[in-house]
Amino acid sequence: MTPRAVTGLGIVSAAGVGRAAFFEAMRAGAQPAPVDGQLEVPGFDATRYLGDKGLRSLDRLTKLLVVAARLALHDAGLKKDGAWTAGSAEQVGIVVSNAYGSLEAITELDRVSLLEDARYINPSRFPLTVANSAAGYASIWEELRAVNVSVSDGNCGALDAAACADVLLEQARAEALLVGGAEALSEALVLAFRKLGAVPPPAGGDGALVGEGAALLALERPDAARARGAEVLAEVVGYGTAFEPPEREAALVHASPEALERAIAGALGDAGLAPGGVDVVVSGVSGLRPFDEAELVAIRRVLGEGACVTAPKRALGETLGAGGAMGMAAAIAYLREGARAHVVRGTLPASPRTALVASMGYYGNASAVVMRSV
Amino acid sequence: MLSRVYVTGVGVVSSIGLGREAFFRALAEGKSGISPVRSFDTSQLGRQLAGEVQGFDPRDHLTQAEQRRVGRCSAMALAAARMALADAGLDAARVAGPRTAVVLGTTMGEAQLLADLQHDWIVHGPQAVRRSVIPRYGSTLLPIHIARAIGARGMVLTLPAACAAGNYAIGFAADLIRAGRADVVVTGAAELIQELQFSGFVRLAAMAPERCQPFDRNRQGLLLGEGAGLLVLESEAHAQKRGARPQAEVGGYGLSCDAYHITRPHPDAAGSIAAMRAAIARSGLTTDDVDFINAHGTGTKHNDLAETKVVHDVFGARSVPISSMKSLLGHCMGAASALEAIGCIFTIETGLYPPTIGYETPDPECDLDVVANTARRGKAEVVLNNSLAFGGYNAVTVFGRPGVLPPPDPRFAQAPGARPAGATS
């Protein structure tokens, strides 16, 4: 890919809302306390950022995403006090990853339909059940008219969104793009994780903390960012992805070190970076043992035994469709904000200059992104 | 140098026929796929009709292991992918490997699996939820099942772009090839009709009681449909090397977002106008080159008015034949624009414009050259596939007869500051 400047960050996470709070939490190594195996965005109040009009018809997923979009646009200096200061609605778009859509809205409507009568479902809530609803609302709330792309690739999706954004910018379909993902906690999501034995037992042990949040990075061409005098937080410079199915015919869920190896090698090649040139790996290690082990094997095989590996999902939770975007945000914290927390292997150099963000999907899919400081 | 992108194969699972041949014949005949819904009870819902796929048996197309892994949406997509590869004359050895990607569009993917899980949970409690079903839900899985079946090892990606999902997927797939990121991309979209969506459209008062009559003065709304439309896209070099016959070339595409209302198109249609203009400009063409428009044409009052405005604004005084396949298939949501893209290939291959059936009373507010009730023969060098989707997503794709389109415009591939005039998206 062509290097892309990150000029802003909008983040709503268990470890803080907004760039400053998030970076502070990353520096402090904050470990938000899970409740019942879940890491929610504590005390999330959308009205603080969006006012109190028009929120009633929105679900949590949409609110998380719209707040992240608003924060990202302002952080990037594209907007000030809600008005465009650089660029315009026609020049700015959004590329959002989400894994499962609004399970909250689907459950709400299914409850009415199954326990009362399908004729009573609330038509104003029905649009929320559509997979690209949150992204659609984000464009309405924040006036993003250039393009609006929704991406779904499990917990690799937000990294894939960066690759989509690269193509869209390359083709001059937008001057700036908000790129990342969003996922909201819901009863159904937590139940699914529990049923699959994917959350840690109350006494502790293997399992991922189910999380939520939204993270969007403002991406622009570096020359365009410079021309408007924007602060550049980091650059996204490489992307790779791969798929390797399980050999056993009956299997579906699959942790593939081979897929991640190819994704990492592809991302390094794309960035023109040698394996020894990676200063810090922001892994997707979350506590799900088979996936964590496969991921660490892949990282070791490509980057060697000494690579420094971090696991911010331990603090942020497994945020699925938003996971890769949280990872890219964490990478910026390591590259320019002096964060040193969540290292699970190796030693973090004093001034890391390059970061590799990795994601392993649950079906043999894997993606990786290379970022560097400027 | 940017590669040209060819369509070398198509595969279809639809309410009017399985496979290219049956689908093309049905389009030529103007066959309706609308029938009473069988997969769930509609007796209390106020509406009973849809374009349900009733002649599809996964056992005819999928291995036993695949049948156990997939939901019905993926089953349709996988069957259509196999048909498309066979149509392209591509065997497993030629598509296996990291240079083949799978990019699929959908709105809700395996909505039926989710509905089943929700039913067990809500009606019978959490203990009734079947653990083995959970990992099979998720629209992420659509391209994964296909990649696994055909040996593709490159990018697997789902673009849940609602009713424009097919155009989004085809457009992005073409980008991957144009920029040299893949040689072959299996792309398109799939969707199934599920009870919750059906009820939702009824509650939105968007569903017609009997017929979907796009652009007709007495149109009463949409009917839902389902199916899968899959295409094999290939780089020029890859197609040439194996001596494949290109069926059509994928031209440029235009994207925009209304940022206006979650379900309704913008009344002044500025976004869709920009998207259509961009698609034509990005193909190196002018409006005079466009022979036919495969409409979004849902049959709702708002959509057809907005679409009429788009066509008038973009084409001015020129009258371009336009038709909506939704009159035959119903609105196949995520799969709609993929099936309509295959309709564009049909037009290029046969010189026929598929008809808008049920067109009886012209609407003075939709004063377009609608291909009424029977297929029409006409020039078919360049056709345009229009979609205006939920969420304000607009996507328009251009298809050309092989040899007709100018080479891909390098000005659209990263030359800082070289944005061509008038091409915002």
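What follows is a walk through a predicted model with chains A and B, starting where the two chains meet and then moving to a few spots inside each one.

The meeting of the two chains comes first. In it, 77 residues of chain B are in contact with 80 residues of chain A. The size of an interface is often given as the accessible area lost when the parts come together. Here chain B and chain A bury about 6,700 Å² between them, with 63% of that on carbon and sulfur atoms. On the chain B side, B:Arg148, B:Leu196 and B:Arg203 lose the most area to chain A, and together they make up 10% of what that side buries.

There is charge and polarity across this boundary too. The count of salt bridges between chain B and chain A is 4. One example is A:Asp166 with B:Arg181, where the closest N and O atoms sit 2.8 Å apart. Polar contacts between the two chains come to 31 residue pairs, both partners being at pLDDT 80 or more. Several elements of chain B give two or more residues to the side that touches chain A, among them helix H5 (111-124), helix H7 (165-178) and strand S9 (248-257). By residue type, that side of chain B divides into 42 nonpolar, 24 polar and 11 charged.

Within chain B, helix H1 (residues 19-29) is a good place to look at how a helix sits against its surroundings. Its buried residues are B:Gly19, B:Arg20, B:Phe23, B:Phe24, B:Ala26 and B:Leu27. Seen down the axis of H1(B), these residues fall within an arc of 160 degrees, so they line one face of the helix. An α-helix has 3.6 residues a turn, so residues three or four places apart point the same way. The buried residues of H1(B) pack against strand S1 (5-14), strand S2 (17-18), helix H3 (72-88), helix H12 (326-329) and helix H13 (336-350) of chain B. The face turned away from the buried side of H1(B) carries the exposed residues B:Glu21 and B:Glu29. Right after the helix comes B:Gly30, with a positive phi near 70 degrees.

Elsewhere in chain B, B:Pro246 lies in the loop between helix H9 (236-241) and S9. This proline is partly exposed, at a relative accessible area of 25%. Its C-alpha atom is 6.5 Å from that of B:Pro402, although the two residues are 156 places apart along the chain. Apart from neighbours within four places in sequence, B:Pro246 is in contact with B:Tyr6, B:Val7, B:Thr8 and B:Pro402.

A salt bridge also links distant parts of chain B: the side chains of B:Asp291 and B:Lys379 meet at 3.5 Å, N to O. B:Asp291 belongs to the loop between helix H10 (270-282) and strand S10 (292-294), and B:Lys379 to the loop between strand S14 (376-377) and strand S15 (382-389), so the pair ties together parts 88 residues apart in sequence. B:Asp291 counts as buried at 6% relative accessibility, while B:Lys379 counts as exposed at 54%.

Over in chain A, A:Thr7 is found in strand S1 (residues 4-13). It is buried, with a relative accessible area of 2%. The side chain of A:Thr7 is joined to that of A:Glu220 by a polar contact of 2.6 Å. A:Glu220 in turn forms a salt bridge with A:Arg228 (2.6 Å, N to O). A:Glu220 counts as buried at 3% relative accessibility, and A:Arg228 as partly exposed at 27%. Both A:Glu220 and A:Arg228 are among the residues that A:Thr7 touches, as are A:Asp75 and A:Glu231. Those last two, A:Asp75 and A:Glu231, also belong to a network of salt bridges with A:Arg19, A:Glu24, A:Arg27, A:Arg336 and A:Glu337. Over all chains, the structure holds 52 salt bridges.

Another charged residue of chain A, A:Lys313, is in helix H11 (residues 313-316). A:Lys313 is buried, at a relative accessible area of 8%, and its side chain makes a polar contact of 3.1 Å with the side chain of A:Glu318.

Finally, there is the matter of backbone angles. Most residues other than glycine have a negative phi, and most peptide bonds are trans. A:Glu143 has a positive phi of about 60 degrees and lies in the loop between helix H5 (133-142) and strand S7 (148-151) of chain A. In chain B, B:Ala205 has a positive phi near 60 degrees. A:Glu143 is partly exposed, at 31% relative accessible area, whereas B:Ala205 is exposed, at 67%.

Definitions and conventions: Residues are numbered from 1 along each chain as its sequence is written. Chains are lettered from A and ligands numbered from 1 in the order in which they are written. Side-chain values use heavy atoms; hydrogens and water are left out. Contact means heavy atoms within 4.5 Å. Buried area is the accessible area (1.4 Å probe) that two parts lose on being put together, summed over both. A polar contact is a pair of N or O atoms within 3.5 Å; within protein, one must be able to donate a hydrogen and the other to accept it, and residues adjacent in sequence count only if both atoms are side-chain atoms. Helices (H or I, at least four residues) and strands (E, at least two) are DSSP runs, numbered from the N terminus. Ala, Val, Leu, Ile, Met, Phe, Trp, Tyr, Cys and Pro count as nonpolar, Asp, Glu, Lys and Arg as charged, and the others, Gly among them, as polar. Buried means under 20% relative accessible area, exposed over 50%, partly exposed in between (1.4 Å probe, protein chains only). The arc is that of the directions from the helix axis to the C-beta atoms.
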